[in-house]
Amino acid sequence: MFSLTANGSPILPADVDDSPMIVLENDEDAPQWRCTACGDYLTEMPDGWTDESGDRVCCAYDPTDPMETESVEGPHSPERVALSWANNAGVRADTEEDSFTVTISVGDPRGAFAFTVRRIPDGDHEHAGCLVLHSPHPEESAPHARLTELHPGTFLIG
Ligand SMILES: [Zn+2]
């Protein structure tokens with residue numbers, strides 16, 4: 001029914017399952033920080049940021065003071081690696097429930113925020129045949145993470 005693709009290329013045969021799920025997992029050991037100057041991945045130590053060689057001096061240190069010369073040594077400039085905050089993200093097509101669900105885990109990898117669009121089955125129901133959206137909200141009894149509404153449809157996580 002559906003084919004699984006990555007960047008437009010098939011990754012599994014189309015007939016593998018009627019309810020396929022694809023998950024992008026973030027490597028537990030993936031670096032969390034990198035240097036904006038030299039690009040090396042960084043680790044925070046008690047005495048400062050070190051690169052993959054254990055060096056605290058940045059080979060590409062760029063002094064912000066124009067009076068400093070190129071010979072000035074300086075520290076790495078840490079920035080968070082993009083998407084390092086996520087444990088995983090997934091998409092499931094569920095033919096039994098007639099739904100798609102997108103999940104995104106930002107905390108405990110056993111849970112995730114889930115966003116589902118589902119078609120209400122045909123039959124004697126006020127909304128039969130309509131599509132409904134289920135999304136995380138601050139009043140959930142067991143939330144993946146605490147949500148605080150900033151404005152309708154936008155929440156601060158944590
Ligand atoms: Zn650096």
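The predictor's confidence in each residue is expressed as pLDDT, on a scale from 0 to 100. The structure described here is a predicted model, and the mean pLDDT of the protein is 88, with 91% of its residues reaching 70 or more. Confidence varies among the elements: strand E1 (residues 5-6) has the lowest mean pLDDT, 77, whereas E11 has the highest, 98. As a reminder for what follows, predicted coordinates should not be read in detail where pLDDT is low.

The overall architecture is quickly told. The protein contains 13 strands and zero helices, and its elements, followed from the N terminus, read β-β-β-β-β-β-β-β-β-β-β-β-β. The radius of gyration of the protein is 23 Å, well over the 15 Å that the globule rule gives for 158 residues, so the protein is more spread out than a compact globule. The C-alpha trace spans about 80 × 40 × 30 Å along its principal axes. Of the 158 residues, 5% count as buried. Among the contacts with a separation of 6 or more, 34% are made by residues 24 or more positions apart.

A division into two domains accompanies this picture. Domain 1 is made up of residues 5-26 + 86-157, and domain 2 covers residues 29-84. Taken over C-alpha atoms, the centres of domain 1 and domain 2 are separated by 38 Å.

Attention now turns to the sheets. In general, the strands of a sheet pair through backbone hydrogen bonds, in either a parallel or an antiparallel sense. One open sheet has five strands in the order E3-E8-E9-E10-E11, and the pairing is antiparallel. Its edges are formed by strand E3 (21-25) and strand E11 (131-134); each has a single partner strand, so one side of each is left without a neighbour in the sheet. From one strand to the next, the twist in this five-stranded sheet averages 5 degrees.

Within the five-stranded sheet, the pairings made by E9 can be followed residue by residue. Strand E8 (residues 88-94) and strand E9 (residues 99-105) run antiparallel and are joined by seven bridges. Along this pairing, Ala-89 has Ile-104 of E9 as its bridge partner, and Val-91 stands opposite Val-102 in E9. E9 also pairs with strand E10 (residues 113-119), again in the antiparallel sense, over six bridges. Here Ile-104 stands opposite Phe-113 in E10. Ile-104 thus appears in both pairings, with Ala-89 as its partner in one and Phe-113 across from it in the other.

The connection between E8 and E9 deserves a closer look. The two strands form a hairpin with four residues between them, and Asp-98 takes a positive phi near 55 degrees there. Asp-98 is a residue other than glycine with a positive phi value, and its place is in the loop between E8 and E9. With 13 C-beta neighbours inside 10 Å, Asp-98 counts as partly exposed. A positive phi in a residue other than glycine is also found at Leu-83, where the value is near 70 degrees. Leu-83 belongs to the loop between E7 and E8. Because Leu-83 has 10 C-beta neighbours inside 10 Å, this residue counts as exposed.

A further open sheet has four strands, arranged in the order E6-E5-E4-E7 with antiparallel pairing. Strand E6 (48-50) and strand E7 (78-80) stand at the edges; each has a single partner strand, so one side of each is left without a neighbour in the sheet. The twist in this four-stranded sheet averages 50 degrees from one strand to the next. Strand E4 (residues 33-35) and E7 run antiparallel, with three bridges joining them. In this pairing, Trp-33 stands opposite Arg-80 in E7.

The last stop is the end of the chain. Gly-158 lies in the segment after strand E13 (154-157). With 9 C-beta neighbours inside 10 Å, Gly-158 counts as exposed. Leaving aside residues up to four places away in sequence, Gly-158 touches Ala-145 and Arg-146. Gly-158 and Val-106 are 52 residues apart in sequence, while their C-alpha atoms are 9.7 Å apart in space.

Conventions: Residues numbered from 1 in each chain as written. Predicted model: local features only at pLDDT ≥ 70, side-chain atom pairs only at ≥ 80, totals over all residues. Pairing = 2+ DSSP bridges. Axes fitted to C-alpha atoms, helices over the stretch in contact; angles between N-to-C directions. Domains from an automatic or database assignment. Rg over C-alpha atoms; globule rule 2.2 N^0.38 Å. Buried ≥ 20, exposed ≤ 12 C-beta atoms within 10 Å, placed from the backbone. Contact = placed C-beta atoms within 7 Å.
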